[in-house]
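Okay, can everyone see the screen? Let me put the next one up, and then I'll talk you through what I noticed.

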Amino acid sequence: MISFRKFWIYLEENNITQYELIKNRGISTSTLAKLRKNAKIETSTIERLCDALNCQPGDIMEYVKEWITKRG
């Protein structure tokens, strides 16, 4: 699974508010909602985020292996 935990840390470390992303950097509220839920987003959205934040994809997202346990 892709985790966007690093995205929220990046915002905090760089003093960027969600309001600023929406009003000044063209990021939609629906994109922020997807990031909160670690939902799937298009690569074009990742490009927009990196452009708006002047960062690389690895600065805002990471792969986290999901462990699934089966109950029998």
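So, the cysteines. How far is the sulfur of C55 from the closest cysteine sulfur? This is a predicted model, and in it that distance comes out at 4.1 Å, with C50 as the partner. A disulfide here needs the two sulfur atoms within 2.5 Å, so C55 and C50 are too far apart for a bond. Read from the other end, C50 has C55 as its closest cysteine sulfur. The tally for the structure is zero disulfides. Both cysteines are tucked away, by the way: C55 is buried at 8% relative accessible area, and C50 is buried too, at 11%.

Okay, zooming out. We have five helices and two strands, and from the N terminus the order goes β-α-α-α-α-α-β. Along the principal axes, the C-alpha atoms fill a box of roughly 50 × 20 × 20 Å. Of the 72 residues, 29% are buried. The protein exposes about 5500 Å², and carbon and sulfur atoms supply 49% of that. If you like contact maps, here's one for you: among contacts with a separation of 6 or more, 62% are between residues 24 or more positions apart.

Now the inside. As a general rule, nonpolar side chains in soluble globular proteins tend to be buried together. Here the largest nonpolar core has 18 residues, and the ones touching the most other members are F7, L21, L35, L49, L53 and I60. Helices α1, α3 and α4 each put in at least two residues, and α4 gives the largest share, with five.

Which residues does F7 contact, once you drop its neighbours within four places in sequence? The list is L21, L32, L35, L49, L53 and I60.

Two of those, L32 and L35, bring us to α3, where they are buried along with T31. Looking down the axis of α3, the buried residues fall within an arc of 100°, so they line one face of the helix. That goes with the usual helix arithmetic: 3.6 residues a turn, so residues three or four places apart point the same way. And what covers the buried residues of α3? The cover includes α1, α2 and α4.

Right after α3 there's something for the Ramachandran fans. N38 follows the helix with a positive phi, near 55°, and it's not a glycine. N38 sits in the loop between α3 (29–36) and α4 (43–53), and it counts as partly exposed because its relative accessibility is 28%.

There's another asparagine with a positive phi, N15, at near 50°. N15 lies in the loop between α1 (5–13) and α2 (18–24). Is N15 buried or exposed? It counts as exposed, because its relative accessibility is 67%.

Last stop, Y19, over in helix α2. Y19 counts as exposed, with 58% relative accessibility. For a sense of distance, its C-alpha is 18 Å from the C-alpha of I60, and the two residues are 41 apart along the chain. I60, remember, is one of those core residues that touch the most other members.

That's my tour. Anyone want me to rotate it?

Note on methods:
Residues are numbered from 1 along each chain as its sequence is written. This is a predicted model: local features need pLDDT of at least 70, side-chain atom pairs count only at pLDDT 80 or more; totals for chains, interfaces and linings use all residues. Side-chain values use heavy atoms; hydrogens and water are left out. Helices (H or I, at least four residues) and strands (E, at least two) are DSSP runs, numbered from the N terminus. Buried means under 20% relative accessible area, exposed over 50%, partly exposed in between (1.4 Å probe, protein chains only). A nonpolar core is a set of buried Ala, Val, Leu, Ile, Met, Phe, Trp, Tyr and Cys residues joined through side-chain atoms within 4.5 Å. Contact means heavy atoms within 4.5 Å. The arc is that of the directions from the helix axis to the C-beta atoms. Accessible areas come from the Shrake-Rupley method with a 1.4 Å probe; for residues, only the protein chains shown count as cover.
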